[in-house]
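Colleague: Hi, I'm new to this one. Could you walk me through it?

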Amino acid sequence: MNDTKTQEQEVAVQDTDYVVVRIQHLKKSFGDNEVLKDINLELHKGENIVVLGRSGQGKSVTIQCIAGLMLQDEGGLEVLGKEVKEMTRDELRAMRIKVGFLFQSGALYDSMTVKENLSFPLTRVLKLNDKQEIEKRIHESLESVGLEDAIDKYPSDLSGGMRKRVGLARTLILRPEIMLYDEPTTGLDPITSREISELIVALQEKYDTSSIIITHDMLCARITADRIVVMNEGKYIATGTYDELVKSPDELVHNFFK
Amino acid sequence: MASAIISSFSRYMEIAGDQVLFTGRFARNIFRGGFEWGEFLRQCYIVGYKSIGLVGITGFIIGFVLTLQTQPTLKTFGAQSFVPSMVAISIIREIGPVIIALICAGKIASSIGAELGSMKVTEQIDAMEVSSANPVQYLVVTRILACTIMVPLLTIMADALALLGGYVGVNIQDHVSFSLFFRKSFSALEFSDVMPALIKTFFFGYAIGFVGCYKGYHSKRGTESVGLAANSAVVSASLWIILLDAIAVQITNMIVY
């Protein structure tokens, strides 16, 4: 890999920046199936990392570990300077407020309207009671994803792209410092996919977040990534910018960019 | 063979342990601040109000059919005056609570199992958890408490309609006045008939809510698991109702007689 940096080199180069997520030798198995074999990654403040890889390689498992939805078997995983495995329940709760997670399906609460979906984290997590403040935040979030008209609609009335936008608005309403995107453009047409990718970049700039984006979509990767890591068989095999990886002589890496 | 038995036993123990932990999470979250009153009342409406039709019709028909079935036999022995008291005791002590609980298991446990199962599959529960909201407090506590409170109320309503059904049944062949029928029905009932029957319906309601929530909350990924969650919620809740009824009868007999 002439034009791509190894993980060790990359860690050394960016050590001076503030690291919001640090993963060291992460391992995770489900029964006999070792999904994550040795994951090493550092996400720096303000950075967008795209993780590419074939299905079933454990890309989503990595970000689920970061969000504390599952615990790693071995290795270190620090989020905002604290080891996730050692966090108390209150610390985990506080960490999750700072880490937004956009699910592949949007995961909107289908018994609630868009407005109720957005007010849910405000009233339950931030414990806001001021109706004016709640309304203001909801309108601001919906405006930032361009969906103010959908405020009274139910998720079943929304298209796939609109659901992703509302999911994004609901996640960003808590003002997270880190965003984890699980295949944000899967199942969308190319035009909507581009719109969502551009929205991710715009919102990252507006809210000053750092992001890990799991995707198969090369258009999304090109638009959103500051840096791309390629995952294969439970390990990250290459890392670099889009332009660097396009020129990679490694066949496996090159196949993604064909 | 032995290893299969051991593995099956350990699997059952695992599930039992998991259910104990789930009960603990439920109990802890009842008393945690920020009770979800809005969702609780919505669930009471869904579990209670929306079951009135089904439970009411079932109750009425149980009383009606029980009367039609027993009246000719009692008439043979010249004991038809015992029809109201027999219907009242049978309905209030046993048939009403158990049948209504089984009907509710079919309607409510399956719907809770399917709803939470589908929320699990579509990552809605994970979304609540990952945003630091408390899905147990919002989804589980409200549903279990709504079932625990509404199933007894539905049973009381069904018992009343069953007695009305009995009155209609009696009047198909004979003529008994409304006041005489109900006076004879209530005069046959004692405190020890009504209270244990009422108390056990709270446990039936709890079992229905708990099993529905547990099965839905722990369903696996994939659409097939939603159907499985709904189906196993009904089967398990029905078994629990029968088991709890057997225990309740034994305890009542020990205390009262």
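Here is a short chat about the two chains and a few places in them.

Modeller: Happy to! One thing up front: this is a predicted model.

Colleague: Good to know. How many residues of chain A are in contact with chain B?

Modeller: On chain A, 15 residues are in contact with 10 residues of chain B. Two elements of chain A give two or more residues each to that side, namely α3 (89-98) and α4 (114-124).

Colleague: And what classes of residue does that side of chain A have?

Modeller: It has 11 nonpolar residues, three charged and one polar.

Colleague: Let's go to chain B. Is helix α1 of chain B largely in the open or largely buried?

Modeller: Only two of the 30 residues of α1(B) are buried, so this helix lies largely in the open. Its length fits too: at 1.5 Å a residue, residues 2-31 should span 44 Å, and the end C-alpha atoms are 44 Å apart, which agrees.

Colleague: Now the inside. Which residues touch the most other members of the largest nonpolar core?

Modeller: That core has 136 residues, and the ones with the most contacts to other members are Leu180(A), Ala207(B), Ile208(B) and Ala237(B). Helix α4(B) gives the largest share, 21 residues.

Colleague: What is Ala237(B) in contact with, leaving aside its neighbours in sequence?

Modeller: Beyond four places in sequence, its contacts are Ala105(B), Ala109(B), Ala207(B), Ile208(B), Val211(B) and Gly212(B).

Colleague: Can you show me a residue in α4(B)?

Modeller: Sure, take Ala114(B), which lies in that helix, residues 83-121. Ala114(B) counts as buried because it has 21 C-beta neighbours inside 10 Å, and the cut-off is 20 or more. Leaving out residues up to four places away, Ala114(B) touches Gly216(B), Val226(B), Ala229(B) and Ala230(B).

Colleague: How far apart are Ala114(B) and Gly212(B) in space?

Modeller: Their C-alpha atoms are 8.2 Å apart, although 98 residues separate them in sequence.

Colleague: Switching back to chain A: which strands pair with β8(A)?

Modeller: Strand β3 (residues 48-53) pairs with β8(A) in the parallel sense over four bridges, with Val50(A) bridged to Ile213(A). Strand β7 (residues 178-182) is also parallel to β8(A), over five bridges, and there Ile178(A) has Ser210(A) as its partner. From β7(A) the chain crosses through helix α7 (residues 190-207) to β8(A), in a right-handed β-α-β crossover.

Colleague: Which way do the residues of β8(A) point?

Modeller: Ser210(A), Ile212(A) and Ile214(A) point one way, Ser211(A) and Ile213(A) the other, and all are buried.

How values were computed:
Residues are numbered from 1 along each chain as its sequence is written. Chains are lettered from A and ligands numbered from 1 in the order in which they are written. This is a predicted model: local features need pLDDT of at least 70, side-chain atom pairs count only at pLDDT 80 or more; totals for chains, interfaces and linings use all residues. Two residues are in contact if their C-beta atoms, placed from the backbone, lie within 7 Å. Ala, Val, Leu, Ile, Met, Phe, Trp, Tyr, Cys and Pro count as nonpolar, Asp, Glu, Lys and Arg as charged, and the others, Gly among them, as polar. The expected span of a helix is 1.5 Å times one less than its number of residues. A residue is buried if 20 or more other C-beta atoms lie within 10 Å of its own, exposed if 12 or fewer, and partly exposed in between; C-beta atoms are placed from the backbone. A nonpolar core is a set of buried Ala, Val, Leu, Ile, Met, Phe, Trp, Tyr and Cys residues joined through C-beta atoms within 7 Å. Two strands pair if DSSP finds at least two bridges between them. A crossover is right-handed if, with the strands pointing away from the viewer, the path from the first strand over the helix to the second runs clockwise.
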